[in-house]
Amino acid sequence: MAVNDSPTGTPAYQGSGENIHEKNNEMADHVYRDDHGAETALRRTLSTRHLTMIALGSSIGMGLWLGSGTSLASGGPAGIFLGYCLAGSMIWCVSHSIGEMACMYPLPSAFVQWTGKFIDPAAAFALGWSYWFSYCITIANELQATNTIINFWTSAVPVAGWISIWFVVIVLINVGAVNLFGEIEVVASSIKFGWIFVVIISMIVMSAGGAGYGPVGFRYWNREAFTHGFKGFLNVMPTCIFAMSGSENSGLVAAETASPRKAIPRAVSSIWVRLSLFYLIGSLMITINVDPHNRNLFGQSGTNASPFVIAYRDAGLPALAHIMNAIILISVVSTGSISGYGGSRTTMGLAQLKMAPKQFQYADRMGRPWYGLVPTFILGGGLAYLNVSESGSDVFTWFSNLTSLFTLFGWGMICLSHIRFRATWARQGHTAEELPWKSWIYPYGPWWGLLMCILLIIVQFYLAVWPLGDSPSAQNFFANYISVIVIVVLWLGARIYYRGRWWVDLDTINLDEGRRFYGTDVEKVEAKGVMGKAKKAFSAILD
């Protein structure tokens with residue numbers, strides 16, 4: 001029997017489906033017969049375990065651990081908590097759209113290629129290149145965060161020194177084989193996932209009186225729930241969106257997953273775990289234990305520390321403060337690493353759409369797309385050195401505002417692609433029951449996600465014109481809204497080049513192009529005993 005692997009170094013946008021194949025990859029959880037299509041120069045060596053853990057924890061970086069400090073100060077306890085609730089509802093809907101689309105079309109740049117297929121090539125061009133730049137910005141942001149984190153321990157090493165050291169680490173993670181990248185992300189996600197339980201339990205004890213300052217309860221909520229009113233609440237939304245950006249990376253990883261039909265639904269089903277534990281309960285814990293006017297919060301006049309670290313230090317628990325700081329360091333390195341992964345895969349998808357040089361389609365025998373990796377890290381690493389001459393919190397604010405707008409554009413295109421995919425699917429005589437995996441929140445989910453993305457782009461325009469705590473100026477506007485200008489310029493330029501219809505005609509879409517076709521599962525013998533029960537319990541949580 002033949003093994004269906006795309007020839008290394010050879011681009012392949014779609015599979016013909018003429019032959020019968022059997023996938024039997026030692027990295028996979030299952031064996032699938034008759035799976036074919038959507039093959040590329042990338043290698044499908046990641047398993048369900050990899051994709052699930054990457055979906056659980058890969059996007060947990062400085063946006064949550066550090067950025068929550070700026071959000072707490074500007075929005076207050078209620079502002080940051082409601083901000084994460086709203087952003088969480090959006091990424092829940094976006095993740096369901098990704099799940100349904102990625103099962104059908106597990107392609108290297110995922111939503112970029114879906115946009116080109118179901119919306120408009122010009123929109124795909126604007127999305128692809130703006131998102132690639134967003135990945136570069138995220139690398140820079142996470143790298144500059146390492147200096148802020150390590151300053152909690154020492155300031156003896158120059159800023160450029162720490163940036164250079166961790167930049168090398170992130171590059172090394174990406175230049176290894178893709179399964180090595182997957183294992184590192186699994187370990188990092190497992191550490192973050194395990195530690196959040198420690199955070200929740202310890203901070204409940206602290207607020208109940210277990211800390212040196214006595215019971216706290218909801219003191220800060222009762223005193224000042226919103227520090228700057230409604231405008232302060234609006235001001236936390238860019239940071240909340242930035243904190244959740246990267247959740248869409250599970251769509252990219254699907255192109256290198258051995259069994260997308262098995263792995264992607266599991267990853268999507270796990271989204272509630274990340275939203276509830278990290279963002280909602282995690283943010284609630286700091287609103288209870290940290291004063292929003294604490295001068296040591298990130299972005300304020302003091303030590304610029306994470307609110308989680310401040311909570312432990314003020315409670316007289318220095319050991320937990322140091323461990324928390326180390327967890328944050330692991331988190332930002334992990335997020336920077338997966339941003340390099342996402343940037344290189346985005347350029348590969350653009351090349352398959354003929355929107356980037358054809359060399360970007362190629363990968364070596366280990367599945368590493370060097371033509372995408374090198375420019376991604378050059379630009380991302382270069383931008384990180386802006387922190388040498390500017391304060392870390394200022395750089396974070398610029399970068400997070402830029403990234404949140406790119407993210408909103410990307411999430412909106414994912415939701416719109418899903419809506420138009422379903423319309424095409426129905427128009428061409430198919431039913432939802434034929435899909436490899438069906439989102440149970442369609443059509444309300446993608447419509448909610450799309451409308452909220454549009455609304456928040458308008459909100460950020462308002463904040464760019466009338467910033468919180470500052471007077472209107474051209475400098476503030478362009479620093480905070482340049483992303484939209486870049487998107488519009490890219491889109492209009494592509495429209496001039498491609499001409500034709502403003503929308504792809506649904507009747508002309510070839511649904512089989514780039515599609516993954518699935519055969520029959522070969523049942524795996526279930527584990528028995530303690531391990532079998534543990535696995536069933538874990539599956540129940542995620543499913």
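**Entry 1: α3 and α9**

I started with a pair of helices and found that α3 and α9 make a right-handed crossing. By class, I listed 14 nonpolar, 11 polar and no charged residues in the contact of α3 with α9. The axes of α3 and α9, the latter spanning residues 229-244, lie 7 Å apart at an angle of about 60 degrees. I therefore logged α3 and α9 as oblique to each other. I note here that the model is a predicted one.

**Entry 2: α3 and α12**

I stayed with α3, residues 67-104, and looked up helix α12, residues 271-289. Their axes come within 10 Å and cross at roughly 170 degrees. Angles over 145 degrees count as roughly antiparallel, so I recorded α3 and α12 as roughly antiparallel to each other. On the α3 side I noted the contact residues, among them Leu72, Ile80, Phe81, Tyr84, Ile91 and Trp92. On the α12 side the contact residues include Trp272, Arg274, Leu275, Tyr279, Leu280 and Leu284. Sorted by class, the contact of α3 with α12 has 15 nonpolar, five polar and one charged residues.

**Entry 3: the whole chain**

I then took the totals. The protein has 543 residues, and 60% of them count as buried. For secondary structure I have 19 helices and three strands. The protein exposes about 20,400 Å², and carbon and sulfur atoms supply 65% of that area. I also looked at contacts between residues at least 6 apart in sequence, and 82% of these join residues at least 24 apart.

**Entry 4: Val199**

I picked one residue in helix α7, which covers residues 178-210: Val199. Is Val199 buried or exposed? Its relative accessibility is 0%, so Val199 counts as buried. Setting aside neighbours within four places in sequence, I find Val199 in contact with Phe308, Tyr312 and Met324. I also checked Val199 against Phe278: the two are 79 residues apart in sequence, and their C-alpha atoms are 9.6 Å apart in space.

**Entry 5: backbone at Pro443**

Which residues does the cis peptide bond that I looked up join? It joins Tyr442 and Pro443, with omega at about 5 degrees. I placed Pro443 in the loop between α16, residues 392-427, and α17, residues 444-465.

**Entry 6: positive phi at Ala110 and Lys354**

I looked up two residues with positive phi. Ala110 is not a glycine, yet its phi is positive at about 45 degrees. I find Ala110 in the loop between α3 and α4, where α4 covers residues 111-118. Ala110 has a relative accessible area of 0%, so I entered it as buried.

Lys354 is also a residue other than glycine, and its phi is positive, near 65 degrees. The loop that holds Lys354 runs between α14, residues 318-352, and α15, residues 370-384. How does Lys354 stand, buried or exposed? With a relative accessible area of 73%, Lys354 is exposed. Exposed means over 50%, so the value for Lys354 qualifies.

**Entry 7: recap**

I close with the helix pairs and the two loop residues. Helix α3 is roughly antiparallel to α12, whereas α3 and α9 are oblique. Of the two loop residues with positive phi, Ala110 is buried, whereas Lys354 is exposed.

Terms used
Residues numbered from 1 in each chain as written. Predicted model: local features only at pLDDT ≥ 70, side-chain atom pairs only at ≥ 80, totals over all residues. Heavy atoms only, no water. Helix = DSSP H or I, 4+ residues; strand = E, 2+ residues; numbered from the N terminus. Buried < 20%, exposed > 50% of the residue type's maximum accessible area, 1.4 Å probe, protein only. Contact = heavy atoms within 4.5 Å. Areas by Shrake-Rupley, 256 points an atom, 1.4 Å probe, with all protein chains shown as cover. Axes fitted to C-alpha atoms, helices over the stretch in contact; angles between N-to-C directions. Parallel < 35°, antiparallel > 145°, perpendicular 65-115°, else oblique. Nonpolar A, V, L, I, M, F, W, Y, C, P; charged D, E, K, R; others polar. Left-handed = near helix turned anticlockwise from the far one by under 90°.
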